[in-house]
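Here are a few short exercises on charged side chains. Have a look at the model, then work through each task before reading its solution.

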Amino acid sequence: MADSTNVSIRMDVELKKQAEELFSDLGLNMTVAMTMFLRQAVRSQGIPFEISRAPNAETVAAMMEADKIAYDPNVKGYSNLNDLFRDLKA
């Protein structure tokens, strides 16, 4: 092994705990897992997994609810804020 160095990172306590449990189940420790990640990143010259802005389950559920409301003929719509606020005050 070449010369080694220490790296210090900050992360959420619960995330660290969950990662350590996962890596332990896989027979790894945090150092080995991070080294694997970094080697793969260098090898691929990028992040070694897809990163996207895909919405989480809660956001997907909210989007589906909004679509349902938007197309529900029983839901009253407003073309201006004054009408909306008038009904809210009523």
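**Exercise 1.** Which side chain meets Lys76 in a salt bridge?

Ground rules before we start: this is a predicted model, where local features need pLDDT of at least 70, side-chain atom pairs count only at pLDDT 80 or more, and totals for chains, interfaces and linings use all residues. Residues are numbered from 1 along each chain as its sequence is written, and side-chain values use heavy atoms, leaving out hydrogens and water.

*Solution.* Step one is the criterion: a side-chain nitrogen of Lys or Arg within 4 Å of a carboxyl oxygen of Asp or Glu. Step two is the partner: Asp87, at 2.8 Å from N to O. Step three is placement: Lys76 sits in the loop between α3 (57–70) and α4 (81–89), while Asp87 is in helix α4, eleven residues apart, so the pair links distant parts of the chain (helices are DSSP runs of H or I, at least four residues, numbered from the N terminus).

**Exercise 2.** Sort Lys76, Asp87 and Asp83 by exposure.

*Solution.* Use the cut-offs: buried is under 20% relative accessible area, exposed over 50%, partly exposed in between (1.4 Å probe, protein chains only). Lys76 has 54%, so it's exposed. Asp87 has 27%, so it's partly exposed, and Asp83 at 24% is partly exposed.

**Exercise 3.** Trace the network of salt bridges that includes Lys76.

*Solution.* From Asp87, go to Arg86, with closest N and O atoms 3.9 Å apart. Arg86 also pairs with Asp83 at 2.9 Å; these two lie in helix α4, three residues apart, about one turn. That gives a network of Lys76, Asp83, Arg86 and Asp87. The structure holds five salt bridges.
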